[in-house]
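Please consider how two protein chains can meet each other and a strand of DNA. The paragraphs below go from a single contact to the whole interface, and then to the DNA.

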2 protein chains.
Amino acid sequence: MARSTRDRPAKAPLSRDAVIAAGMTVLRRAGLDAVTMRAVAAELDTGPASLYVYVANREQLLNEMFDAVAREVEPGPEPDAARWREQLEALLTRVRDAMDRHPGIARVPLANIPTGHGAMRIVERMLGILRAGGIPEQSAAWFVDCVFLYVNAASLETSIYVESGLTEDVAAGTRERFEQIDTAEYPLLASMTGALFSGDGDARFSFGLRLMIEGLRHVKTSAR
Amino acid sequence: MARSTRDRPAKAPLSRDAVIAAGMTVLRRAGLDAVTMRAVAAELDTGPASLYVYVANREQLLNEMFDAVAREVEPGPEPDAARWREQLEALLTRVRDAMDRHPGIARVPLANIPTGHGAMRIVERMLGILRAGGIPEQSAAWFVDCVFLYVNAASLETSIYVESGLTEDVAAGTRERFEQIDTAEYPLLASMTGALFSGDGDARFSFGLRLMIEGLRHVKTSAR
DNA sequence: ACCTGAACACCGTTCAAGT
DNA sequence: ACCTGAACACCGTTCAAGT
């Protein structure tokens with residue numbers, strides 16, 4: 001035995017919450033791909049088999065972790081008819097920010113529909129804002145679905161760079177390939193490279209969000 | 001030796017294209033997760049090590065396969081100023097259809113920005129349609145980015161059911177959990193379960209697409 | 001009841017050795 | 001030059017055996 005038990009705090013007893021917390025630590029430190037059952041177990045000074053007492057499998061653990069991220073999102077002020085658009089954009093931006101603090105977590109709600117309380121609380125608040133804005137029920141329902149696809153995908157795109165650890169190099173590399181494209185075959189693409197790569201993540205994310213929010217005023221659902 | 005070489009056609013010589021084609025066969029049959037280097041090699045009657053003569057690694061193989069899917073997309077008629085909205089929606093719907101025929105492939109353009117010719121050809125056509133519609137350059141550029149996030153995520157959502165092979169059961173299971181939610185805590189969610197689950201994939205996809213397309217007329221980019 | 005060592009059936013990738 | 005058997009360093013999950 002290398003260390004006496006007095007060298008460090010008594011090992012916390014395992015529990016479902018401890019497993020999820022350990023998963024969150026690994027997630028924040030190294031991204032979703034690094035959240036292996038073995039890595040989470042190591043974080044708890046135990047072996048991977050021990051985790052199966054508290055979670056059914058890796059997929060369930062990741063779902064719990066996603067809900068923990070969702071619970072970090074501040075629902076914000078009560079829906080206000082006069083400010084519904086900015087409330088909506090602000091709420092969805094907070095969702096993205098929470099996911100961006102946990103690289104790769106956006107893959108989880110894209111792999112199966114979240115049903116945890118954290119996620120439901122956000123959807124409930126979004127529906128409240130949409131109702132305050134006078135959006136018809138069917139439009140509001142489908143909007144929630146569509147806009148989360150966008151938000152999740154946007155967060156995932158950001159995490160590519162974070163998870164690969166390069167940030168600058170990857171972006172520069174793809175930009176380079178775009179600058180070498182065949183001007184004759186893709187004239188528009190070639191002439192618009194500047195516009196395609198301009199703007200930071202926030203400006204681009206906000207643009208897409210506003211596209212969908214403004215669209216709500218002008219698009220009817222096809223459902224009867 | 002179990003079979004003489006006359007029992008079957010001469011084994012096709014390996015090549016980069018053969019590796020990609022074998023990957024596509026596995027993809028269509030069993031989804032992206034099933035496209036392992038070992039499965040692709042087995043499809044070619046060889047071992048996984050042999051593939052590395054033609055592709056650098058699994059990631060590169062998947063990128064090539066995504067571009068093969070992109071090349072299946074019909075660019076459609078020349079951009080027409082009078083019909084730019086429907087042309088745009090039709091093109092993006094064809095993109096989704098092509099991806100839906102290859103379950104899980106949408107994860108590839110979400111994991112790294114595509115730079116192949118198949119993808120570029122589609123972007124070039126989209127930019128042409130947007131220009132015909134009189135959309136400013138910066139809006140068009142950001143729109144392409146945003147709308148592909150949405151299209152990729154939407155295709156991925158569909159493939160959840162296809163890849164898990166259940167289709168009906170998974171959808172019914174999540175719906176069931178929604179019908180049991182706490183009416184007091186989530187009154188809107190509870191009262192709108194019907195609206196949230198209504199509509200087939202096509203109607204919902206089209207709704208989100210039209211949100212973004214209509215939004216183009218009303219949202220300005222923040223870039224100078 | 002709770003925990004876990006060891007094993008099983010997989011992965012992607014490398015490399016020395018073959019033809 | 002092209003191909004590949006065998007190995008390496010990983011995975012998620014199970015289960016018999018321990019306490």
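Arg204(B) forms a salt bridge with Asp145(A), and the closest N and O atoms are 3.2 Å apart. The term salt bridge stands for a side-chain nitrogen of Lys or Arg within 4 Å of a carboxyl oxygen of Asp or Glu. Across the interface of chain B and chain A, the rule finds two salt bridges. The structure is a predicted model, in which local features need pLDDT of at least 70, side-chain atom pairs count only at pLDDT 80 or more, and totals for chains, interfaces and linings use all residues. Residues are numbered from 1 along each chain as its sequence is written, chains are lettered from A and ligands numbered from 1 in the order in which they are written, and side-chain values use heavy atoms, with hydrogens and water left out.

How many residues of each chain take part in the interface? In chain B, 61 residues are in contact with 61 residues of chain A, where contact means heavy atoms within 4.5 Å. The size of an interface is often given as the accessible area lost when the parts come together. Here the area buried between chain B and chain A is about 5800 Å², of which carbon and sulfur atoms give 71%; buried area is the accessible area (1.4 Å probe) that two parts lose on being put together, summed over both. Trp142(B), Phe207(B) and Leu211(B) supply 12% of the area that chain B buries against chain A, more than any other three residues.

The arrangement of the two chains can be described by a rotation. Turning chain B by 180 degrees, with 0.0 Å of shift along the axis, superposes it on chain A with an RMSD of 0.0 Å, the fit being by least squares on the C-alpha atoms of residues with pLDDT of at least 70 in both. The two copies are thus related as by a two-fold rotation axis. Because 100% of the interface residues of chain B are also interface residues in chain A, the copies meet through the same surface.

The protein also adjoins DNA strand C. Among the 14 residues around this strand, Thr46(A), Ser50(A), Tyr54(A), Arg38(B) and Tyr52(B) come nearest; a residue is near a strand if one of its heavy atoms lies within 4 Å of it. Sugar and phosphate account for 55% of the atoms of DNA strand C that come within 4 Å of the protein. A polar side-chain atom of Ser50(A) lies 2.5 Å from a phosphate oxygen of DNA strand C, and for Tyr52(B) a polar side-chain atom lies 2.8 Å from a phosphate oxygen of the strand.

Notes. A polar contact is a pair of N or O atoms within 3.5 Å; within protein, one must be able to donate a hydrogen and the other to accept it, and residues adjacent in sequence count only if both atoms are side-chain atoms.
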